[in-house]
Amino acid sequence: MNVRNFSMLKMLKTSWRTFPRRFATKVTAVGGDEIGSGTGIGQITGRVRSSEGGPHKINTPSKEIVTHLPPLTDPLPNLPDAIYAEPLAESATTKVTTLVNGLRIASEPRYGQFCTVGLVLDSGPRYEVAYPSGVSHFLEKLAFNSTVNFPNKDAILKELEKNGGICDCQSSRDTLIYAASIDSRALESVTRLLADVTLRPILSEAEVNLARRAVSFELETLGMRPEQEPILMDMIHAAAYRDNTLGLPKLCPPQHLDNIDRNVLMNYLKFHHSPDRMVIAGVGVDHDELVEHVRKYFVEHEAIWMHEEMANLGPKQVDTSIAQYTGGLVKEHCEIPIYAAAGLPELAHVVLGFEGCSHQDPDFVPLCVLNIMMGGGGSFSAGGPGKGMYSRLYTKVLNRYHWMYSATAYNHAYVDTGLFCIHGSAPPQHIRDMVEVLTRELMNMATEPGREELMRSKIQLQSMLLMNLESRPVVFEDVGRQVLVTGYRKRPEHFINEIDKVTAADIQRVAQRLLSSVPSVAARGDIQNLPEMSHITSALSNSGRSLGRRLSLFK
């Protein structure tokens, strides 16, 4: 830069500091101790004041009236009082009707053009003790295929698409759900469709073979994915309920793929798809209209197995066994796929669990609060307090041990028992340290939580409950599951109040209840450094009383 340009730049800089800027202000005289604030609206006056550190501009709002409209703080004259909408009493009521054959129909009104209707059945892997494990996995893949009145899957999808509908089928360990979301004006159409899908499926040989291939492909895919949660949840349930009810696999074992055919599936459907094991739930529908259509298509028309001759094979009744918690160890030494693109290392996975409680137990709500308090997630999770970043497994595990890649608490609740567990992952060389860290956190559950920690967990659980129930399909599932177990639905207000009642003493009590049970352990990956089961049990039985600050649990 030459001397001339430098001189011009210096002159411009001086001019900018010494002359007022000609925008929405003009120079005016202001008292020496008067300081203006803000810019205001209308004519604004100001001046340049020289003081220590250089000249400063001070603006003061104008006193002149710039508009004849009243200020926003005053109500408008001659305007009637607002009348606000209030929820109707019937909008907070779940209606339940039981038909003569034991079939229950539950519905709840909801504003909107679309509705969600479906069936929740008392069925699932826990009832497969006398069948080849994997029947429910097959039924999930065979849902919404050919029926007596619909020749193929395309016909079903076409019927749904005419009314803007979608369908889905999901199975858990103790329930099987068929559901569809569709225009409310097509209630009869979707009821007829659901009746055919659940009571009158054809299950042709071609469809069963296609489902077998789909299940086989899914099992291969799970084995190639770095995420191990579906496999580990099967393993921890197998360890906790060895060879009974909830310990039976949800994923079809590869050796059972060829053992499941149409005869096995039809025999299972005959005894587990009976009316007394069903709840038909609807959200956003008229209850009386739903009852009328259900009577027509679920009662007046018989199921396909009632007039079809089947091979005299399999059990003749439903297994009614109560889940027996055993505890124990299930492990699999194998290679876990890695995220090559992300550069993450190979990880070993461990799940530590204890017997929890059923969803009808008085300790169910305190245990849910404890689960939120433990929280957890992955080391690359993003979010704030609402995402659980202040939970114990974040602050005391993931933030302290750089080699921990995930630590997450789970609470599984069933009709007669429950399972509380923590899943952690770390490189194989740290698996011993990881088990020790998780064991310490499990033992520390019994310590008294702080007031702020307890309040944060309770508020987070309440917000999660209410936000989930804003979704119509979630309300449908909640209505169906509750009516299936109890015959009625507890309102969200009930659970909000129950959460409010949870105290620090309740948290300590349920934590001690968990720790008093036999531990369950599932491990998968390169687990040659996994501590012995006896060492884990011994460390947990000490409840941390004899542990020094630096003393290892497993020495």
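**A guided tour of the predicted model**

Begin by selecting strands 13 and 14, which a hairpin of four residues connects. Strands, like helices, are DSSP runs numbered from the N terminus (E, at least two residues, for strands; H or I, at least four residues, for helices). This is a predicted model in which local features need pLDDT of at least 70 and side-chain atom pairs count only at pLDDT 80 or more, while totals for chains, interfaces and linings use all residues. Residues are numbered from 1 along each chain as its sequence is written, and side-chain values use heavy atoms, with hydrogens and water left out.

**Strand 14 and its partners**

Strand 13 pairs with strand 14 in the antiparallel sense over eight bridges; two strands pair if DSSP finds at least two bridges between them. Select Thr 408 to find its bridge partner in strand 14, His 423. Strand 11 also pairs with strand 14 in the antiparallel sense, over eight bridges, and here Glu 355 has Leu 419 of strand 14 as its bridge partner.

Next, colour strand 14 by accessibility. Nine of its nine residues are buried, so strand 14 is largely enclosed by the rest of the structure. Buried means under 20% relative accessible area, exposed over 50%, and partly exposed in between, with a 1.4 Å probe and protein chains only. Both faces are covered: Gly 418, Phe 420, Ile 422, Gly 424 and Ala 426 lie on one side, and Leu 419, Cys 421, His 423 and Ser 425 on the other.

**The whole sheet**

Widen the selection to the open sheet of six strands, ordered 10-15-11-14-13-12 with mixed pairing. Its edge strands, each pairing on one side only, are strand 10 (328-333) and strand 12 (376-378). At one edge, strand 10 pairs with strand 15 (residues 520-525) in the parallel sense over six bridges, and Glu 332 stands opposite Arg 524 in strand 15.

Now add helix 6 (residues 229-240), which lies across strands 10, 11, 13, 14 and 15 and runs at about 145° to strand 15. Such angles run from 0 to 180 degrees between N-to-C directions, with axes fitted to C-alpha atoms, for helices over the stretch in contact. Contact means heavy atoms within 4.5 Å.

**Two helices side by side**

Select helix 11 (residues 431-444) and helix 16 (residues 533-541), which pack at an angle of about 30° with their axes 10 Å apart. These two helices are therefore roughly parallel to each other, a term for angles under 35 degrees. Show the side chains: Val 435, Thr 439, Leu 442 and Met 443 in helix 11 meet Ile 536, Ala 539 and Leu 540 in helix 16.

**An enclosed helix**

Move to helix 7 (residues 262-272), where eight of the 11 residues are buried, so helix 7 is largely enclosed by the rest of the structure. Among the buried residues are Met 266, Tyr 268 and Phe 271. The buried residues of helix 7 pack against strand 6 (114-121), helix 2 and helix 5 (205-224).

**Two loop residues**

Most residues other than glycine have a negative phi. Asn 78, which is not a glycine, has a positive phi of about 60°; look for Asn 78 in the loop between strand 3 (54-60) and strand 4 (95-98). Phe 144, not a glycine either, has a positive phi of about 60° and sits in the loop between helix 2 (135-142) and helix 3 (153-161). Is each buried or exposed? Asn 78 counts as exposed at 82% relative accessibility, whereas Phe 144 counts as buried at 3%.

Note on methods. Angles under 35 degrees count as roughly parallel, over 145 as roughly antiparallel, 65 to 115 as roughly perpendicular and the rest as oblique.
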